[in-house]
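Work through the exercises below with the sequence and the model in view. Each task is followed by a solution in steps.

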Amino acid sequence: MSLHPTLQPYADAWTHSIEAISELVQPLVEGEWNRRTPCPAWSVRDVVSHVIGMDCEMLGDPRPIHTLPRDLFHVTNEHQRYTEMQVDVRRHHTAPEMTSELEYTIIRRNRQLRNESRDPGTKVRGPFGIEQTLEEAMRYRAFDVWVHEQDLRTALGRPGNLDSPGALITRDELLAALPKVVAESAGAPAGSAIVFDVHGPVEFMRTVRVDAEGRGTIDGTPSLGPAVSLTLDWETYVRLACGRVTADVVADRIKAEGDPELTAAILLAFAVTK
């Protein structure tokens with residue numbers, strides 16, 4: 001293998017999730033591709049189209065030349081418009097067309113990964129034309145594909161892989177965003193500590209501490225007398241943090257202790273991706 005050891009876990013996680021997606025959608029009949037997923041406004045076909053499109057961009061394929069219809073009311077900004085392009089261009093593709101393109105994309109990406117010899121810090125062109133390191137790009141693909149695998153599993157009633165390699169990368173990606181959620185978005189007061197206790201297939205306890213300047217940091221040390229303590233299961237944590245549900249929908253799966261106003265502000269700001 002020529003792939004740098006730092007990048008191997010991301011390649012392995014991507015492979016695990018993309019093969020799971022392929023296995024999930026291969027037997028679907030035409031109507032099942034139209035099932036709604038937890039990903040706002042997207043069907044099974046739309047989610048798979050997004051996965052294909054983003055991996056085609058990793059391959060360096062040109063973006064489709066396509067005009068979005070005016071009635072896509074869930075598309076309200078440039079970020080969504082960019083993402084929707086790869087989705088809408090495939091909206092009328094048949095089930096065989098979808099599975100064939102997915103399989104071909106997986107073959108091409110696997111070949112690309114086998115031959116990838118660049119350093120993790122190499123700058124590459126990412127989505128939206130943003131320059132990022134190869135490591136950042138591969139980490140985000142592993143995260144994104146696992147989250148969309150879960151969208152498909154929910155839509156198709158096929159739960160699983162909540163503790164797969166992609167789940168662990170997703171955990172780290174979401175935890176990295178927690179200090180900003182708590183300190184900036186929710187406005188937790190200086191000197192406060194907020195504890196997150198997550199159980200289930202992936203378990204962890206983390207404390208976000210807000211310093212005198214209002215900056216948040218995260219560690220694995222419990223806090224005595226936190227301002228807020230939130231206990232929830234891993235699947236609910238992912239669904240909240242990825243914008244698949246709002247806190248009121250899963251209130252029975254969240255145990256909250258401490259300042260009710262701060263709790264509400266944290267849960268309101270919890271979604272870090274859509």
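**Exercise 1: Two aromatic pairs**

Phe143 is buried, with a relative accessible area of 4% (buried is under 20% relative accessible area, exposed is over 50%, and partly exposed lies in between, with a 1.4 Å probe and protein chains only). The model is a predicted one, in which local features need pLDDT of at least 70 and side-chain atom pairs count only at pLDDT 80 or more, while totals for chains, interfaces and linings use all residues. Residues are numbered from 1 along each chain as its sequence is written, and side-chain values use heavy atoms, with hydrogens and water left out.

Task: Describe the aromatic pair of Phe204 and Tyr237, and state where its two residues lie.

Solution.
- Step 1. Phe204 and Tyr237 form an edge-to-face pair, at 5.5 Å centre to centre and with 90 degrees between the planes. Rings of Phe, Tyr and Trp (its six-membered ring) pair if their centres lie within 6.5 Å; planes under 30 degrees apart count as stacked, over 60 as edge-to-face and the rest as tilted.
- Step 2. Phe204 belongs to strand β4 and Tyr237 to helix α7, 33 residues apart, and the pair links distant parts of the chain. Helices (H or I, at least four residues) and strands (E, at least two) are DSSP runs, numbered from the N terminus.
- Step 3. Both Phe204 and Tyr237 are buried.
- Step 4. Ring pairs join Phe204 and Tyr237 with Trp146, Phe196, Trp234 and Phe270 in a cluster.

Task: Count the aromatic pairs, then describe the one formed by Tyr140 and Phe143.

Solution.
- Step 1. The count is 7 aromatic pairs.
- Step 2. The pair of Tyr140 and Phe143 is edge-to-face, with 5.4 Å from centre to centre and 65 degrees between the planes.
- Step 3. Tyr140 and Phe143 are 3 residues apart in helix α5 (residues 134-156), so about one helical turn separates them.
- Step 4. Tyr140 counts as partly exposed, at 36% relative accessibility.

**Exercise 2: Strand β3 and its partners**

Task: Establish whether strand β3 is enclosed or open, and which strands pair with β3.

Solution.
- Step 1. Strand β3 covers residues 193-199; 5 of its 7 residues are buried, so β3 is largely enclosed by the rest of the structure.
- Step 2. With strand β4 (residues 204-210), β3 pairs in the antiparallel sense over 6 bridges (two strands pair if DSSP finds at least two bridges between them). Val208 in β4 is the bridge partner of Ile194.
- Step 3. There are 4 residues between β3 and β4, which form a hairpin, and Gly200 in its turn has a positive phi of about 120 degrees.
- Step 4. β3 and strand β6 (residues 228-233) run parallel and are joined by 6 bridges. Here Asp197 has Thr231 in β6 as its bridge partner.

**Exercise 3: The two faces of helix α8**

Task: Sort the buried and exposed residues of helix α8 by face, and list what the buried ones pack against.

Solution.
- Step 1. In helix α8 (residues 260-268), Leu262, Thr263, Ile266 and Leu267 are the buried residues.
- Step 2. These residues cover an arc of only 130 degrees around the axis, which puts them on the same side of α8; the arc is that of the directions from the helix axis to the C-beta atoms.
- Step 3. The face turned away from the buried side carries Pro260, Glu261 and Leu268, which are exposed.
- Step 4. The buried residues of α8 pack against α6 (165-185), β3, β6, α7 (234-241) and β7 (254-258) (contact means heavy atoms within 4.5 Å).

**Exercise 4: Two threonines**

Task: State the setting of Thr236 and of Thr246.

Solution.
- Step 1. Thr236 lies in helix α7 and counts as buried, at 0% relative accessibility.
- Step 2. Apart from neighbours within four places in sequence, Thr236 is in contact with Val250, Arg253 and Ile254.
- Step 3. Thr246 lies in the loop between α7 and β7 and counts as partly exposed, at 45% relative accessibility.
- Step 4. From C-alpha to C-alpha, Thr246 and Leu267 are 8.0 Å apart in space, and they are 21 residues apart in sequence.
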